[in-house]
Amino acid sequence: MFGGGTRGLRGRAGPGLAVLLATAALTVLGPGAGSADAAAACGGRQVKTVKFATGELRVYKTHGYACAIAVAKSPGARRQMSVTIQARGGGPVSDSGRFTRQAGPVSVHAINRCVRASGSVAGSGGSTGWILC
C-alpha cells in the first residue's frame with residue numbers, strides 16, 4: 001500500500017507531528033502530574049512500596065528497567081522531595097527539588113541486576129535496600 005515499508009509514512013509526518021507528540025508528552029508528564037500519571041510514566045508492575053510518615057516510595061519494573069517515584073501523602077504546598085534509584089555496579093539516578101506531589105520518575109537499566117531506591121518528602125523518607133536480585 002505504501003510501497004517501501006515505512007518510508008511513505010515518514011515522508012508524510014512532517015515537523016507538525018513531532019510538535020504534537022512533544023506537547024502530548026508534556027501534558028502527561030508535566031508539572032503537577034498526579035500519582036496515577038507517575039505510575040503510567042514508570043510503567044510496568046509495582047514491585048515494592050515503602051511507606052513513611054509524609055509519603056511513600058514506589059518501585060516499578062518493566063522490560064529490563066526499574067523505575068522509582070516518591071509520592072507525597074498529602075499533595076499541596078511545595079516542599080522538598082527527592083528520589084534516587086541505582087542498579088548494582090552503576091551510578092545513582094536522582095530527582096530532587098520542591099514539588100507539590102512527587103519526585104521522579106527516575107529509571108535505570110536493570111536486566112539481571114539488583115537495584116536499590118530511596119525517597120523522601122519533607123524530611124521523612126525510606127529506602128528499599130537491594131531488591132530484584
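**Two four-stranded sheets and a shared core**

Colleague: Serine 127 lies in strand β8. Why is serine 127 called partly exposed?

Modeller: This is a predicted model, and the label is computed from it. The relative accessibility of serine 127 is 49%. Buried requires a value under 20% and exposed a value over 50%. At 49% serine 127 meets neither condition, so it counts as partly exposed.

Colleague: Which residues is serine 127 in contact with, apart from its neighbours within four places in sequence?

Modeller: They are Val50, Leu57, Ala117 and Ser118. The test is heavy atoms within 4.5 Å. For valine 50 there is also a C-alpha to C-alpha distance: serine 127 and valine 50 are 6.8 Å apart in space and 77 residues apart in sequence.

Colleague: What stands opposite valine 50?

Modeller: Leucine 57 in β2 stands opposite valine 50.

Colleague: How do you know that β1 and β2 pair?

Modeller: Pairing needs at least two bridges between the strands. Seven bridges join β1 to β2, so the two are paired, and they run antiparallel.

Colleague: What is the strand order of the open sheet that holds β1 and β2?

Modeller: The order is β1-β2-β3-β6, with antiparallel pairing. The twist averages 15 degrees from one strand to the next.

Colleague: What makes β1 and β6 edge strands of this sheet?

Modeller: Each has a single partner strand, so one side of β1 and one side of β6 are left without a neighbour in the sheet.

Colleague: Which strands form the open sheet that contains β8?

Modeller: Four strands form it, in the order β5-β4-β7-β8, and the pairing is antiparallel. β5 (93–99) and β8 are its edge strands, each pairing on one side only. Neighbouring strands here are turned by 5 degrees against each other on average, direction ignored. Inside this sheet, β4 and β7 pair in the antiparallel sense over seven bridges. Threonine 84 stands opposite serine 118 in β7.

Colleague: How many helices and strands does the chain have?

Modeller: There are two helices and eight strands. Along the sequence the pattern is α-α-β-β-β-β-β-β-β-β.

Colleague: What makes a group of residues a nonpolar core?

Modeller: The members must be buried residues of the nonpolar kinds, cysteine and tyrosine included, joined through side-chain atoms within 4.5 Å. The largest such core has 20 residues, of which Leu57, Ala68, Val83, Ile85 and Val115 touch the most other members. At least two residues of this core come from each of β1 (45–52), β2, β3 (65–72), β4 (79–87), β6 (102–109) and β7 (115–121). A second, separate core has five residues, among them Cys42, Tyr60, Cys67 and Ile69.

Colleague: What is alanine 68 in contact with, leaving aside its neighbours within four places in sequence?

Modeller: The contacts are Cys42, Leu57, Arg58, Val59, Val83, Ile85, Gly104, Pro105, Val106 and Ala117.

Colleague: Arginine 58 is on that list. Why does arginine 58 count as buried or exposed?

Modeller: The relative accessibility of arginine 58 is 14%. The cut-off for buried is under 20%, so arginine 58 counts as buried. Arginine 58 lies in strand β2 (residues 55–62).

Colleague: What makes the pair arginine 58 and glutamate 56 a polar contact?

Modeller: The limit for a pair of N or O atoms is 3.5 Å, with a donor on one side and an acceptor on the other. The side chains of arginine 58 and glutamate 56 come to 2.6 Å, so the pair is within the limit.

Colleague: Gly104 and Pro105 are on the alanine 68 list as well. What kind of peptide bond joins glycine 104 and proline 105?

Modeller: The bond is cis, with omega about 15 degrees. Proline 105 is found in strand β6.

Colleague: Why is asparagine 112 called exposed?

Modeller: Its relative accessible area is 79%. Exposed means over 50%, so asparagine 112 qualifies. Asparagine 112 is found in the loop between β6 and β7, and its phi is near 55 degrees, a positive value in a residue other than glycine.

Colleague: And why is leucine 132 only called partly exposed?

Modeller: Leucine 132 has a relative accessible area of 27%. That lies between the 20% and 50% cut-offs, so the label is partly exposed. Leucine 132 lies in the segment after β8 (124–127), and its phi, near 60 degrees, is also positive.

Terms used: Residues numbered from 1 in each chain as written. Predicted model: local features only at pLDDT ≥ 70, side-chain atom pairs only at ≥ 80, totals over all residues. Heavy atoms only, no water. Buried < 20%, exposed > 50% of the residue type's maximum accessible area, 1.4 Å probe, protein only. Axes fitted to C-alpha atoms, helices over the stretch in contact; angles between N-to-C directions.
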